[in-house]
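Open the model in your viewer and keep the selection panel at hand. This tour tells you what to pick next and what you will find there.

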Amino acid sequence: MYKETLEKLQEATITFEKGLNKVFTQQYNPFYYHGAVPNFFMWTLFITGLLLFVYYQPTLDSAYISVNFITTKLPFGNIIRGLHRYAADAMMIAVLVHAIRVYFTDRYRKYRWIAWYSGVVLLIGMLIIGITGYILVWDERSYMIVLAMTDALKQIPFLGLPLAKIFVNGDVISHYTLAMSFFFHIGISFSLLFLLWLHYLRISRPVTDVPLGLGLLLLSSIMIPASVYPVASVNPAVLTKLPTQFPLDWFYLWIFPMFSGMPALIVWTIVFIATTLLFALPFLVTDKEKAPAVVSLTNCVGCTLCAKDCPYEAIYMVPRTDHPKYKQLAVVIDARCSECGLCVGACAFKAIDLPQNHSKEVITKISDLLKEPA
Ligand code: HEM
Ligand code: HEM
Ligand code: SF4
Ligand code: SF4
């Protein structure tokens, strides 16, 4: 039942994407760049973040003033701040669309589990970066975030108190609270790059860049709101006065209304279950019996072409001593094999084949697919 629903979703997604070709053309269809679009916004965040970094001062007395200086006095400062804020929201939307797309098109499990797992960690990292970003402004909203977050963290059994102390860097809110938020904001931002390396590890040719035309379209999608609706801080934080009302960013701060609506322990339990479910997803569907590529000991000449062509690094070469002429033998790592058939095409010696999908059938399937209109 679950599998049939997934198959229907896959068909619907592909039909929807083909429909979008009429608007964007095949060359600029954003769904064909579903991973490259969040990547584009991430680099926009890095560039604008580094520019903000030059003028930002992470202390209780200066943070609000420095953000105000950037917004009101620095030439194009309000645009840079606006681009940073709107790119953060756009990146979250793009990442969610990307995650849903890979899920709906069944490109998230089996040998792709590393991409999915690193994706979930990227998503968690983004949320922490966003929350700490809102603290940096040090307005009433930032103060409320720090208060609500430390309270909520303290409710986590055993780990709660030390976690809350790390978050504010001590027992009370001080300059170190902002320094810590700044450290998390920038430190986790840069660790996204390592996670992305992991994300692409098993993808042989990841599509990471958008074409120029689409890039300009994406840039204007954040440039227009940054110019028309400039980003502003709310009132400055005053430690002796509890703030009452402030606007929320639903992409990054959605957890805070939950904390005010129910006990923190219940919220953490929901978060824990949701995260576990995300990690379990790739293993919820079982497939037909796996039939990875098989190498023929007699035909393999050890030319290494299959190992070079395999997109999932599922083939490695081992030295062989059982043959007078051939010095190497190809070996398939079953768990990594996607049964894609590329090695079958690469081998000129009929030495590797798919047991359930012989080379002839693979060639017929490929020619049928090529005949289908895009
Ligand atoms: C995925 C990456 C990033 C995300 C999602 C993100 C998100 C945010 C958000 C939502 C804010 C609050 C915006 C506002 O209300 O003004 C913010 C502020 C800030 N961010 Fe980032 N950021 C990222 C990367 C970076 C990087 C790499 C740097 C610096 C190297 C940086 C530096 C800053 C600074 C200095 C502020 C405070 C100034 C301000 O609010 O305009 N950010 N960030
Ligand atoms: C910082 C955020 C992210 C960026 C920049 C990013 C970027 C990318 C890129 C460029 C690709 C290659 C796409 C292609 O070649 O067509 C990719 C693949 C993938 N991503 Fe992400 N991603 C992010 C977050 C996520 C998240 C949150 C998930 C899921 C929870 C996810 C799951 C996947 C999977 C499963 C693939 C493999 C798809 C395939 O092989 O066709 N990603 N990602
Ligand atoms: S079928 Fe061949 S090329 Fe494709 S993943 Fe398996 S070993 Fe690699
Ligand atoms: S391409 Fe064929 S002959 Fe060459 S190493 Fe691979 S299986 Fe052996």
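**The second pocket**

Start with the lining of the second largest pocket: its residues divide into 28 nonpolar, 2 polar and no charged. Here Ala, Val, Leu, Ile, Met, Phe, Trp, Tyr, Cys and Pro count as nonpolar, Asp, Glu, Lys and Arg as charged, and the others, Gly among them, as polar. A pocket is an open set of points on a 1 Å grid over the protein atoms alone, where a 1.4 Å probe fits, with protein on both sides within 12 Å along at least five of seven lines; lining residues have an atom within 4 Å of a point.

Before going on, note what you are viewing. This is a predicted model, in which local features need pLDDT of at least 70 and side-chain atom pairs count only at pLDDT 80 or more, while totals for chains, interfaces and linings use all residues. Residues are numbered from 1 along each chain as its sequence is written, chains are lettered from A and ligands numbered from 1 in the order in which they are written, and side-chain values use heavy atoms, leaving out hydrogens and water.

Now select Ile124, Leu127, Ile128, Trp268 and Val271. Of the 30 lining residues, these lie nearest the centre of the second largest pocket. Helix 4 (77-104), helix 5 (113-136), helix 6 (140-154), helix 7 (160-168), helix 10 (255-261) and helix 11 (264-280) each give two or more residues to this lining. Helices are DSSP runs of H or I with at least four residues, strands are E runs of at least two, and both are numbered from the N terminus. The space in the second largest pocket is about 950 Å³, a volume filled by probe spheres set on grid points that are joined across faces, edges and corners.

**Two iron sites**

Go to ligand 2. Which protein donors hold its iron atom? They are His98 (NE2) and His199 (NE2), lying 2.0 Å from the iron. Donors are N, O and S atoms within 2.8 Å of the metal (3.2 Å for Na, K and Ca); water is not among the atoms, so sites may look incomplete. His98 lies in helix 4 and His199 in helix 8 (residues 175-200), so the pair ties together parts 101 residues apart in sequence. The site has 6 donor atoms, with angles of 86 to 179°, and is octahedral. For six donors, that label needs opposite donors over 155 degrees apart and all others between 65 and 115. His98 and His199 are both buried. Buried means under 20% relative accessible area, exposed over 50%, partly exposed in between (1.4 Å probe, protein chains only).

Next, ligand 1. Its iron atom has His84 (NE2) and His185 (NE2) as protein donors, 2.0 to 2.1 Å away. His84 sits in helix 4 and His185 in helix 8, a pair that links parts of the chain 101 residues apart. The 6 donor atoms subtend angles of 86 to 179°, so the arrangement is octahedral. Both His84 and His185 are buried.

**Two more stops**

Stay in helix 4 and pick Met92. Met92 is buried, at 3% relative accessibility. Its C-alpha is 9.1 Å from that of Phe41, 51 residues away along the chain.

Move to Tyr176 in helix 8. Is Tyr176 buried or exposed? Tyr176 counts as exposed, at 54% relative accessibility.

**Zoom out**

Show the whole protein: 14 helices and 4 strands. Of its 374 residues, 43% are buried.

How values were computed. Four donors count as tetrahedral if all angles lie between 85 and 135 degrees; four count as square planar and six as octahedral if opposite donors are over 155 degrees apart and all others between 65 and 115; anything else is irregular.
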